[in-house]
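Colleague: Please take me through the terms applied to this structure. For each one, I should like to know what the label rests on.

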Amino acid sequence: MTDAGASPSVRRLSEWDAVELQTLVDEYGSPLYVLDLERVRQNYRRLAAAFPEADILYAVKANALGDALAALHEEGAGLECASAGEVQRALAVGASGSEIHYTAVNPPARDLDWIVDAWREHPELTVTVGSEDTIDRLADRGYDGRLCLRVNPGIGAGHHEKVQTGAAAKFGVPAERAVDVLADAADRGFDIVGIHSHVGSGVSNDQLDDHREFVARMGDLARDVSQVVGDLEFVDVGGGFGVPYREDDAPLDLASVADATRDALGEVDARLAIEPGRYFVADAGVLLTNVNTVKAARDTTVVGVDAGMTTLIRPAMYDASHPIRNLTASSDAGERETIPQTVAGPICESGDVFCADRELPATERGDVLAIGNAGAYGYEMANQYNSRPRPASIVLEDGDARLARRRETVDDVTRVERETRSVSETSSGSPREREAHSGSDADRKNDDHPAASDTDNERVR
């Protein structure tokens with residue numbers, strides 16, 4: 001095992017081996033996601049050393065690749081799941097019910113149906129709810145198990161207004177109503193185990209005061225709750241630990257965050273729980289993309305690549321900045337002139353750009369670019385807009401590279417549509433009945449167990 005103290009707190013894009021990454025593109029094609037599992041493990045160990053007495057769960061939504069879940073589970077992380085599909089993935093890598101938290105946000109009926117069925121087989125599963133009527137919906141399904149309440153403390157932080165959840169009305173029961181809601185749930189027979197909140201995603205060093213105030217409010221609430229419903233098992237303050245996306249940004253002062261979190265929480269007869277996602281996987285991943293065109297425009301040079309906002313949507317959605325490195329130029333014997341360039345994808349949207357007027361070595365058609373910090377919310381938010389198949393994913397482990405997720409084809413994109421059309425031509429009945437009978441038995445099995453498809457396709461390019 002690697003000593004947590006021996007690994008740097010951030011892995012910069014310049015530290016990746018340019019030749020090795022170009023070789024992966026030669027073998028597996030482009031665009032291509034690459035995830036270094038050893039770096040994932042190092043990030044976990046560093047955070048676990050900073051929070052030695054906390055329960056640490058991985059927020060699966062950051063990167064649900066089965067290899068990433070398995071690596072973090074082996075290191076000792078629990079798994080925090082935002083959907084029934086993520087719970088299925090967690091169970092598929094061997095996590096027990098006691099290691100899984102299902103954190104429901106306006107959960108669809110089919111999610112609750114599946115979760116309650118899973119709870120009957122795994123009674124130590126914890127369900128976190130963010131509204132009173134979700135408690136009613138669970139009770140209607142016969143659930144009276146481990147219940148955690150997500151609360152809204154009225155304070156948010158994060159790298160963009162769209163991810164500052166702590167004060168957004170969508171998330172959690174207002175903190176001032178939490179005691180009454182939990183008292184009622186206890187009277188109805190639920191096993192009250194914790195309270196939960198999440199301030200937001202990508203908290204930076206200059207937002208630590210907001211994070212400290214957020215945790216303090218959670219500590220106050222935990223003490224109030226314990227006086228009414230008894231001691232809690234845990235107080236979950238979410239994740240949100242940021243990573244530096246710009247090369248000159250300083251990494252998060254994790255020791256200061258840990259100290260401030262413990263101090264702000266204060267004396268509570270419950271364990272601290274945290275749920276990082278981005279912190280574990282962001283700098284462990286890169287996106288590789290080939291340069292298709294280079295065009296001299298009026299005010300800039302446009303570099304057209306084969307990845308786009310369907311591959312990595314964060315720049316378009318959040319105005320996020322990702323480091324970009326020309327791997328081919330890095331491998332050249334001579335140095336190229338540095339000029340301002342706009343790196344753009346193939347999608348017919350003006351927002352489909354990875355950077356604008358950024359100083360980069362002069363790019364040539366056929367070069368390979370690496371986009372850094374792509375391990376979090378990269379493939380997870382990839383989509384099929386413009387009928388574009390999603391890319392492949394490679395994992396690095398023990399000095400070897402292996403295919404973890406095959407590249408989609410256009411047939412993959414259109415298969416469901418074609419099957420639906422075929423069924424509608426041959427079946428009668430309501431749309432719901434036709435949907436229920438569409439697809440093959442194998443397809444329905446993979447729909448029920450989405451994690452299985454990663455394993456089935458592991459060696460298919």
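**Labels and their grounds**

Modeller: I begin with arginine 188, which has a relative accessible area of 37% and is therefore partly exposed. The model is a predicted one.

Colleague: What makes arginine 188 partly exposed?

Modeller: Buried requires under 20% and exposed requires over 50%. The 37% of arginine 188 lies in between, so the residue is partly exposed. Aspartate 184, at 41%, is likewise placed in the partly exposed class.

Colleague: Why is the meeting of aspartate 184 and arginine 188 called a salt bridge?

Modeller: The N to O distance for these two side chains is 3.6 Å. The cut-off is 4 Å, so the pair qualifies as a salt bridge. In general, side chains of opposite charge can pair when their charged atoms come close.

Colleague: How many salt bridges does a search of the whole structure find?

Modeller: The search finds 23. One of them joins arginine 402 to aspartate 67, with 2.4 Å between the closest N and O atoms. Arginine 402 belongs to strand β18 (residues 400–405) and aspartate 67 to helix α3 (residues 66–75), so the pair links distant parts of the chain, 335 residues apart.

Colleague: Which of the terms buried and partly exposed applies to arginine 402, and which to aspartate 67?

Modeller: Arginine 402 has 27% relative accessibility and counts as partly exposed. Aspartate 67 has 17%, which is under 20%, so aspartate 67 counts as buried. Both residues also belong to a network of salt bridges that links Glu38, Arg41, Arg45, Asp67, Glu74, Glu75, Glu397 and Arg402.

Colleague: What makes glutamate 233 and arginine 146 a salt bridge?

Modeller: Their closest N and O atoms are 2.9 Å apart, and a distance within 4 Å is what the term requires, so the pair is a salt bridge. Glutamate 233 is in the loop between α8 (208–229) and β9 (234–236), whereas arginine 146 is in strand β6 (residues 146–152), so parts 87 residues apart in sequence are tied together. Glutamate 233 is partly exposed at 41%, and arginine 146 is buried at 12%.

Colleague: How do you know that β17 and β18 pair?

Modeller: Two strands pair if there are at least two bridges between them. Strand β17 (residues 392–397) and β18 have 5 bridges, in the antiparallel sense, so they are counted as paired. Leucine 396, for example, has alanine 401 of β18 as its bridge partner. The two strands form a hairpin with 2 residues between them, and aspartate 398 in the turn has a positive phi of about 55°.

Colleague: Why is α2 called oblique to α3?

Modeller: The axes of helix α2 (residues 37–50) and α3 come within 10 Å and cross at roughly 40°. Angles under 35 degrees would count as roughly parallel and 65 to 115 as roughly perpendicular; the value here falls in neither range, so α2 is oblique to α3. The crossing is right-handed. On the α2 side the contact is made by Leu37, Val40, Arg41, Tyr44 and Arg45, and on the α3 side by Asp67, Ala68, Ala71, Leu72, Glu74 and Glu75.

Colleague: What is notable about the phi of tyrosine 377 and that of serine 387?

Modeller: Most residues other than glycine have a negative phi, and most peptide bonds are trans. Tyrosine 377 is not a glycine, yet its phi is positive, about 55°. Serine 387, also not a glycine, has a positive phi of about 55°. Tyrosine 377 lies in the loop between β16 (368–371) and β17, and serine 387 is found in the loop between β16 and β17 as well. At 14%, tyrosine 377 is buried, whereas serine 387, at 47%, is partly exposed.

Colleague: Which peptide bond is cis?

Modeller: The bond from serine 30 to proline 31 is cis, with omega near -5°. Proline 31 is placed in the loop between α1 (18–28) and β1 (32–36).

Colleague: With which residues is glycine 76 in contact, leaving aside its neighbours within four places in sequence?

Modeller: Those residues are Tyr44 and Ile56. Glycine 76 itself is found in the loop between α3 and β3 (78–81).

Note on methods: Residues numbered from 1 in each chain as written. Predicted model: local features only at pLDDT ≥ 70, side-chain atom pairs only at ≥ 80, totals over all residues. Heavy atoms only, no water. Helix = DSSP H or I, 4+ residues; strand = E, 2+ residues; numbered from the N terminus. Buried < 20%, exposed > 50% of the residue type's maximum accessible area, 1.4 Å probe, protein only. Axes fitted to C-alpha atoms, helices over the stretch in contact; angles between N-to-C directions. Parallel < 35°, antiparallel > 145°, perpendicular 65-115°, else oblique. Left-handed = near helix turned anticlockwise from the far one by under 90°. Contact = heavy atoms within 4.5 Å.
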